[in-house]
Amino acid sequence: MELVTAKKNSKRGALGEAEVSKNKGILNKWLSDADARLGNANPVTKSKQQKAEDNFAAVGLPNRKTEDFKYTLIRTYLQEDYIAKNGGIPVGVQNFEPSLSLRVEDFQPLLSDDYVSVVLINGKYVPEYSRLKKLPEGVTIKSLFKALEEGNETAIKQFNTGLENTTNPLAMLNTALAGDGIFISVPENFSCPVPVHVTNICTGEAKSLYNPRHLVYLHKNAELTLIESYHSVKQTGKTFTNSATEFIIEDNASLENYILQDEDVLSQRNDVRHFTVNTGSRMNSVAISLNGGMVRNDPTVFINGENAEVHLNGLFVVKENHHTDNHTMVEHRAPNCFSNELYKGIIADNATGVFNGKILVYRDAQKTNAYQSNKNILMGDKATINTKPQLEIYADDVRCTHGTTTGMLNEEALFYMRSRGLNEKLAKNILLQAFAKEVSNTIKNESFRTLIEQKIEENIQ
């Protein structure tokens with residue numbers, strides 16, 4: 001493999017000693033805030049976290065000169081006086097912050113008996129309120145800290161394999177500060193018959209910084225449908241969740257991953273995802289971003305084996321003064337593979353949307369088929385979209401396309417519908433729902449797709 005490159009997150013040169021010292025000071029402050037880190041569970045993990053500390057100190061938080069964060073000024077949302085925390089569980093359970101006054105009934109309606117329901121509070125696994133009766137034998141779901149502490153070989157070996165060489169400062173920060181998260185493992189030759197639904201509850205006081213870390217591992221020929229939903233419950237001030245998840249999909253395994261982001265304006269979320277896709281494996285990821293003060297989705301896919309298939313889809317509905325950024329990277333590192341990427345945006349009011357997507361095809365990745373499309377609708381003169389689709393190709397026998405379109409709703413279609421007796425609001429809603437359906441239709445789980453379409457309808461009213 002001749003090309004050795006990754007997402008370039010900064011064009012800045014090396015920082016001076018004063019800047020590095022300042023970054024170390026910020027990091028040490030956050031390290032002192034946190035009760036415990038994953039490194040306390042296992043010495044191998046500890047060494048990886050120490051390396052991440054050094055890497056973060058060398059670059060610091062992204063600023064206006066950091067190319068990949070050009071349209072999302074992280075320092076606007078994450079200040080140095082934020083307090084790093086490890087998450088927690090509701091009142092009545094040991095070690096939870098009593099000031100939050102969160103009760104089970106506050107989030108119980110978000111859970112479903114149709115799935116294996118896993119509850120995370122501010123990124124920390126809460127087995128007491130999870131519903132695991134339908135969890136098949138052999139499938140592992142537990143706290144990542146606990147898995148590392150118990151010496152789980154897969155957790156220890158795979159932790160940080162995807163993000164070890166990242167140039168993303170927020171991924172480095174997560175690795176350095178992470179205290180817990182969820183670990184999911186599906187055994188070889190096993191198809192999990194019940195979807196796993198991870199319900200993430202964001203709650204807490206102002207200026208809290210959470211760094212949950214998750215690891216999902218599919219052994220050879222394994223299959224899993226993983227649903228994730230993000231909600232705010234009794235949130236009293238702005239929080240920043242800097243989440244990172246590593247997915248390892250071994251040979252001939254299959255992952256369906258559906259994400260609903262539906263938090264309130266006080267929630268600010270940076271979501272780093274790294275997918276490692278191996279020979280003959282398949283993944284389909286669908287991210288639906290509906291609410292949240294600031295949302296940044298940062299999925300990276302490494303296609304490492306032949307005959308793999310990747311689908312990366314997203315819909316973002318942004319309104320009021322909210323900001324949603326989708327920053328994607330698909331790296332074709334092996335021949336005879338396929339990827340398809342579709343992101344659609346609906347931006348209204350004074351909101352801002354971002355799509356920055358890149359396909360990178362290595363020289364050895366001959367016979368690659370890679371497609372990328374971004375389509376956006378602006379619902380007013382003050383709505384903003386920044387879009388930048390990119391192709392970087394080093395192979396000569398490939399089929400690759402990319403493109404973007406942005407515009408208002410079709411006036412002729414609106415006129416036709418109104419001439420048939422529909423009022424303007426209903427006509428617009430029907431057109432927007434049809435626009436969104438191309439993405440929601442990529443969700444194969446019928447009950448979750450129905451929920452998503454209801455949520456989309458509510459958000460475009």
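## Three loop residues: Asn211, Asn189 and Asp349

Asn211 sits in the loop that runs between strand S7 (208–210) and strand S8 (213–218), where strands (E, at least two residues) are DSSP runs numbered from the N terminus. The model is a predicted one, in which local features need pLDDT of at least 70 and side-chain atom pairs count only at pLDDT 80 or more, while totals for chains, interfaces and linings use all residues. Residues are numbered from 1 along each chain as its sequence is written, and side-chain values use heavy atoms, with hydrogens and water left out.

With a relative accessible area of 6%, Asn211 is buried, a term that means under 20% relative accessible area, as against exposed over 50% and partly exposed in between (1.4 Å probe, protein chains only). Its side chain is joined to that of Asn242 by a polar contact of 3.0 Å, that is, a pair of N or O atoms within 3.5 Å, of which, within protein, one must be able to donate a hydrogen and the other to accept it, residues adjacent in sequence counting only if both atoms are side-chain atoms. When neighbours within four places in sequence are left aside, the residues in contact (heavy atoms within 4.5 Å) with Asn211 include Lys85, Leu173, Asp180 and Asn242.

Two other loop residues have a positive phi although neither is a glycine.

| Residue | Phi | Loop between | Relative accessibility |
|---|---|---|---|
| Asn189 | about 60° | S5 (182–186) and S6 (196–204) | 56%, exposed |
| Asp349 | about 55° | S17 (338–347) and S18 (352–361) | 42%, partly exposed |

Most residues other than glycine have a negative phi.

Conventions:
Helix = DSSP H or I, 4+ residues; strand = E, 2+ residues; numbered from the N terminus.
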